[in-house]
Amino acid sequence: MGILTKLGWRSLRTTRGRTLMTIGAMALAATLAVASLVGLRSVQMSFYRYALQNTGGMLAALPATTPAKAAKLRADPAFRKTVSYVEEGRATLGQTRTNHIQEPFHLAALASADKAMLKPLLVSGRVPARADEVLMSDLLVTDHRNVGSTIKVTVAKRTKTYRVVGTMNGYNPSFLPTDGLIRVAAKRPAGRTVVMVDLKSLSDARAQLKAITKRAGLKQDQLQVNDEALSTMWGSADARKRSTLVTVVAVIMAIVGAVALIMIYTSINLSVRAHRQRYGLLRSIGTTPHQLRHLVYGEALMLAAPALVLGGVVGIGGLAVAFHLMNGVLAGNLLPITLILTVDWLPLVGAAVFMALITLLAAARPAWRASRVTPIAAIRALDPSPRLTQRRLRTPWWMQYLHQPLLRLAAKFDRREGRRGTMLATLVVTVALFVGLTGFVGNIWRIWDSPTSADITAVVSGRGDQTGAMRQLIRRLDGIQRSLVTRQANLVIRRDAAAPTDDALTGMGVTLYVVTDARAQRDFAGQPTLLNTKLQYVDAKGHATIDWAVDPKVTKLKLTASDGEADTKAGRVVSFKVMPLAKAPGFGGMLYPDGQIGLVVGTSQYRAWAKGLNLPARDLQTAVALKLTRPAATHTTVVKALKGRFGQLPVTDTVADNQQALALTTVIRTACYGFITLIALVCLATVVNHTFASLMTARRGLAMLQSIGTTPRQVVAMQGWQYAMLLVRGWLIGSVLGVGLSVSLFKMMIGGYQQVHIIWPWAQVLIAGAGLLVVGLVFVLVTWRMLNRQDIDQLLRTA
Amino acid sequence: MAILTATELVKTYPGEEQPALNGVSLSIEAGEFVAIVGPSGSGKSTLLHLLGGVDRPTSGRVQLYDTDVYGLNETQLAIFRRRQVGLIYQFYNLLPSLTVAENITLPRELDGKKVEANRLNQLLDQLGLAEKRNALPGQLSGGQQQRVAIGRALINEPAIVLADEPTGNLDQRNSQEIMSLLHFANIKQGQTVVVITHDPQVAAQAQRVLTITDGRLTEGA
């Protein structure tokens with residue numbers, strides 16, 4: 001060990017109290033760094049696992065043309081797990097077309113060993129167990145084709161009979177063909193095999209998959225990837241998403257870095273100031289400036305090492321507790337995501353490197369200062385007088401209003417003590433970050449859907465007119481405040497010379513609502529009525545405006561029935577009157593005010609249009625929207641009743657969704673507030689550290705004041721005024737900056753969305769003020785105790 | 001042969017009208033034992049610090065052998081002090097967390113060189129500190145601490161030893177011991193020694209006495 005390293009180590013051990021305080025302060029910064037990096041990594045892995053659930057735990061799917069290629073793919077060492085299925089061919093059911101599902105669809109065969117993958121897809125029934133059983137997409141369900149039915153399936157001109165034992169969610173993003181049929185086979189049959197894979201290493205996953213695809217002799221567009229999962233691991237194909245993710249992480253670490261830098265800089269700077277005479281002595285016996293800089297850097301790193309270990313333990317322990325609590329909230333609200341604490345080498349090494357770099361950066365200026373200490377400092381122990389400009393020596397205009405002598409003295413000291421700059425900067429940063437970030441978080445999580453529409457909506461498809469049965473059910477249910485039962489279908493607006501439209505309207509969807517003639521007469525004067533909604537439009541420059549979806553002066557449009565992707569139907573020009581949705585009797589308050597426009601017609605009118613629209617009655621769905629008197633208490637019962645009466649049907653439970661959203665936002669808000677509070681505490685600890693160190697340095701000066709007749713009470717009062725001036729200045733400047741930060745972040749986040757107004761963070765400003773008041777009172781108390789205990793004579797004798 | 005030459009040294013501290021040193025010139029021969037005396041505030045310590053490269057003059061030159069001391073940059077000046085100058089202070093100025101042996105060998109170790117065990121043992125014996133080699137300064141008496149300071153000043157066998165009131169904080173017995181050590185170094189090892197003192201008994205032991213009054217050498221230059 002070199003002599004200077006030995007000197008640094010011994011010096012730290014000798015001044016144990018100061019060393020432990022410095023390690024403690026740096027450990028706070030390390031806690032912040034470790035908790036942030038491990039927390040971000042854990043959230044990343046948690047969301048990755050959550051996104052992977054959608055594709056049965058598989059990251060990608062590769063179609064192999066031959067069994068040999070499939071076998072080769074399965075044997076690739078890059079994969080942690082592979083599951084294969086065979087596409088047996090395009091199938092038809094040989095029955096009348098329903099639900100606008102395009103035939104033919106896929107029949108796939110999965111090995112029975114892998115049938116566990118089908119369970120998450122189940123909507124009703126069970127997973128096939130025998131060769132003559134199939135799982136059917138719920139998009140194919142009709143009155144005559146459901147669980148328990150026998151169906152004839154034709155593939156490559158060969159027809160086989162299967163029994164439907166279960167239905168699966170046709171919109172599930174799984175790699176399995178959920179829009180068709182899946183059967184289970186004891187042995188994988190021959191045919192085009194799709195190999196679903198999960199990688200061993202997620203490092204540059206997209207590039208790995210591309211390379212594997214190329215090696216397998218496949219085209220890149222044949223590769224299917226769970227983009228949502230990959231995007232959580234920096235692998236999104238969307239460059240904007242990637243850069244957004246990187247930016248968020250960079251901003252968080254920049255804030256952590258800035259706060260840690262201030263904290264560590266203050267600690268090391270105080271230490272260098274305290275050892276000025278020692279540095280002067282070393283310089284006088286021949287230590288070069290370079291060697292002194294190394295001494296300071298060495299001491300800083302010696303302090304950072306135990307701080308990092310302590311910070312790591314506290315940070316990871318704190319995260320474990322926080323995750324446990326948050327998982328309880330998530331599970332209690334039936335949210336399917338679990339936060340998994342992931343402590344692997346990446347964030348730990350990252351935190352160590354981060355702390356080392358921040359420490360070296362923070363030590364740079366103090367090291368430079370130490371190297372500038374002249375040898376004469378060894379003899380002249382007192383700090384040099386601050387370099388004061390004439391401006392600082394002059395009495396400013398406002399001091400004439402200070403009549404109290406102590407207050408005037410406090411103001412002079414405050415003005416002339418040059419070292420307050422760092423403390424003021426730290427205070428300003430603390431208050432600005434606290435007010436700015438908490439204000440922003442408090443605003444941003446207000447933006448979720450408030451219940452301005454129905455609490456529950458459901459749609460019954462493929463079973464003809466179920467409006468009677470629906471109304472019967474509603475009459476039996478408790479707690480229904482309002483209901484809207486209609487038949488409905490989706491139409492699309494087309495261009496036509498007889499009904500010209502602009503580009504914004506062409507292709508827009510319109511929901512056709514068919515009501516009874518009596519109701520059409522009573523509520524809409526028997527006329528077809530377009531229910532107009534307000535939509536937000538964002539121009540190329542990102543400016544948002546809110547306007548009617550359809551110009552209220554429009555009286556006719558060409559409409560046609562939507563038929564999946566290929567809208568080739570001729571359609572019909574229809575005339576109507578326009579009414580704002582909010583004013584439509586029975587519809588206002590039940591549909592989304594910024595949702596799709598609707599067209600209400602009576603049954604007779606519909607019949608007259610049906611042929612022109614190409615919309616037969618069998619294609620109309622039965623739709624219900626319900627508003628509940630006691631949503632939280634009764635929503636589950638109502639949903640159960642609907643499913644009990646009509647089987648598995650798509651139901652939107654806004655009450656449950658909002659509860660889940662609330663739980664999720666509570667968890668995220670807690671995490672954000674926790675992060676911000678930790679930052680604020682670290683900054684505050686810096687201020688406290690600095691103030692106490694300054695107090696220790698000022699002891700001799702305060703002793704001199706006492707020696708010339710100033711009472712301890714007067715000295716404390718003077719110090720108190722100095723603290724107050726500093727804290728108030730920091731609070732005011734920090735609050736202004738914090739409010740500005742909150743507003744800027746909020747405007748950046750909502751991107752011109754006009755329907756949310758900012759809540760100014762005055763509460764946060766007051767909380768910051770209250771916090772600083774408590775800190776100030778503690779300083780005063782400590783000063784009082786110190787003054788009452790110190791030996792004035794001893795202090796005055798010490799050089 | 002002159003080992004150290006000072007020419008028209010002037011030192012004025014910021015904010016003060018009167019210079020602390022006002023055109024001091026002197027020359028010290030190799031192997032001399034010189035005492036600089038003068039009343040309090042006369043500029044003795046200032047002169048010593050300028051001769052040792054500890055402080056920079058407002059104007060004037062200091063030359064050690066052929067080296068213009070104040071023509072050196074900060075790093076060169078530090079190395080110069082380490083190798084060519086041995087400094088002894090009134091208040092010892094030892095590093096409290098280093099042992100006796102470590103304090104003594106510090107200038108050599110700063111040079112990146114190892115101290116031969118024989119050399120260190122010999123020096124410790126001369127200083128009467130052989131049994132205290134592993135003690136910390138806080139465990140030593142004033143006289144012992146000053147002996148450690150002398151050892152530190154001599155370890156690199158510098159061209160010149162500058163002592164600022166080395167006995168100022170010691171009783172008579174210890175003062176005598178310290179002066180004996182300095183004389184020993186001067187006579188037996190040919191060490192050039194310059195001592196600042198206000199003690200006439202200390203000054204009487206020197207070969208040449210320079211008197212400084214109000215920043216000027218008035219006698220014996």
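# Questions on a predicted two-chain model

Reader: Happy to look at this with you. Among contacts in chain B between residues at least 6 apart in sequence, what share joins residues at least 24 apart?

Author: Glad you are here, and please keep in mind that the model is predicted. The contacts in question in chain B are those between residues at least 6 apart in sequence. Of these, the share that joins residues at least 24 apart is 71%.

Reader: Which secondary structure elements, and how many, does chain B have?

Author: Helices and strands both occur in chain B. The count is seven helices and ten strands.

Reader: And what percentage of the residues in chain B is buried?

Author: Chain B has 221 residues, and it exposes about 9,500 Å². Carbon and sulfur atoms supply 46% of that exposed area. As for the residues, the buried part of chain B is 57%.

Reader: Let us turn to charged pairs. How many salt bridges does the structure hold over all chains?

Author: One of them joins the side chains of Glu88(A) and Arg183(A), at 2.7 Å from N to O. This pair links distant parts of the chain, with Glu88(A) in strand β2 (residues 79-92) and Arg183(A) in strand β8 (residues 181-185) of chain A, 95 residues apart. Over all chains, the number of salt bridges is 25.

Reader: Is Arg183(A) buried or exposed?

Author: Its partner Glu88(A) has 26% relative accessibility and therefore counts as partly exposed. Buried means under 20% relative accessible area. Arg183(A) has a relative accessible area of 10%, so the word for Arg183(A) is buried.

Reader: Which residue forms a salt bridge with Asp523(A)?

Author: Asp523(A) counts as buried because its relative accessibility is 17%. The partner counts as exposed, at 62% relative accessibility. The two side chains meet at 3.1 Å, N to O, and the partner is Arg522(A).

Reader: In chain B, where is Asp111(B), the salt-bridge partner of Arg83(B)?

Author: The closest N and O atoms of Arg83(B) and Asp111(B) are 2.9 Å apart. The pair links distant parts of the chain, 28 residues apart, with Arg83(B) in helix α2 (residues 74-84) of chain B. Asp111(B) is in the loop between α3 (100-110) and α4 (117-127) of chain B.

Reader: Which residues do salt bridges that share partners join into one network there?

Author: Arg83(B) is partly exposed, with a relative accessible area of 39%, while Asp111(B) counts as buried at 15% relative accessibility. The network formed by shared partners holds Arg82(B), Arg83(B), Asp111(B) and Lys113(B).

Reader: Leaving aside neighbours within four places in sequence, which residues is Arg119(B) in contact with?

Author: Arg119(B) has its place in helix α4 of chain B. With a relative accessible area of 19%, Arg119(B) is buried. Once neighbours within four places in sequence are set aside, its contacts are Leu154(B), Ile155(B) and Glu157(B).

Reader: Now the aromatic residues: which ones do ring pairs link into a cluster?

Author: A pair of aromatic rings is described by the distance of the centres and the angle of the planes. The count over all chains comes to four aromatic pairs. Ring pairs make a cluster out of Tyr513(A), Phe524(A) and Phe587(A).

Reader: Which residue lies over the face of Trp548(A)?

Author: Chain A also places the charged end of Arg645(A) over the ring of Phe646(A), 4.8 Å from its centre. For Trp548(A), the distance to the ring centre is 4.9 Å, and the residue over its face is Lys534(A).

Reader: What is the accessible area of the nonpolar surface patch that includes Val349(A)?

Author: Val349(A) is found in helix α9 (residues 345-371) of chain A. Its relative accessibility is 42%, so Val349(A) counts as partly exposed. The patch is formed by Trp345(A), Leu346(A), Val349(A), Val353(A) and Leu357(A), and their accessible area together is about 520 Å².

Reader: One last backbone query: what is the phi of Ala525(A)?

Author: Ala525(A) sits in the loop between α14 (517-524) and β14 (529-532) of chain A. At 49% relative accessibility, Ala525(A) counts as partly exposed. In chain B, Glu8(B) also has a positive phi, near 50°, in a residue other than glycine. Ala525(A) is not a glycine either, and its phi is positive, at about 55°.

Key: Residues are numbered from 1 along each chain as its sequence is written. Chains are lettered from A and ligands numbered from 1 in the order in which they are written. This is a predicted model: local features need pLDDT of at least 70, side-chain atom pairs count only at pLDDT 80 or more; totals for chains, interfaces and linings use all residues. Side-chain values use heavy atoms; hydrogens and water are left out. Patches are made of residues with over 30% relative accessible area and no salt bridge: like charges are joined within 9 Å, nonpolar side chains (Val, Leu, Ile, Met, Phe, Trp, Tyr) within 5 Å. Accessible areas come from the Shrake-Rupley method with a 1.4 Å probe; for residues, only the protein chains shown count as cover. A salt bridge is a side-chain nitrogen of Lys or Arg within 4 Å of a carboxyl oxygen of Asp or Glu. Helices (H or I, at least four residues) and strands (E, at least two) are DSSP runs, numbered from the N terminus. Buried means under 20% relative accessible area, exposed over 50%, partly exposed in between (1.4 Å probe, protein chains only). Rings of Phe, Tyr and Trp (its six-membered ring) pair if their centres lie within 6.5 Å; planes under 30 degrees apart count as stacked, over 60 as edge-to-face and the rest as tilted. A charge sits over a ring if NZ of Lys or CZ of Arg is within 6 Å of the ring centre and within 35 degrees of the ring normal. Contact means heavy atoms within 4.5 Å.
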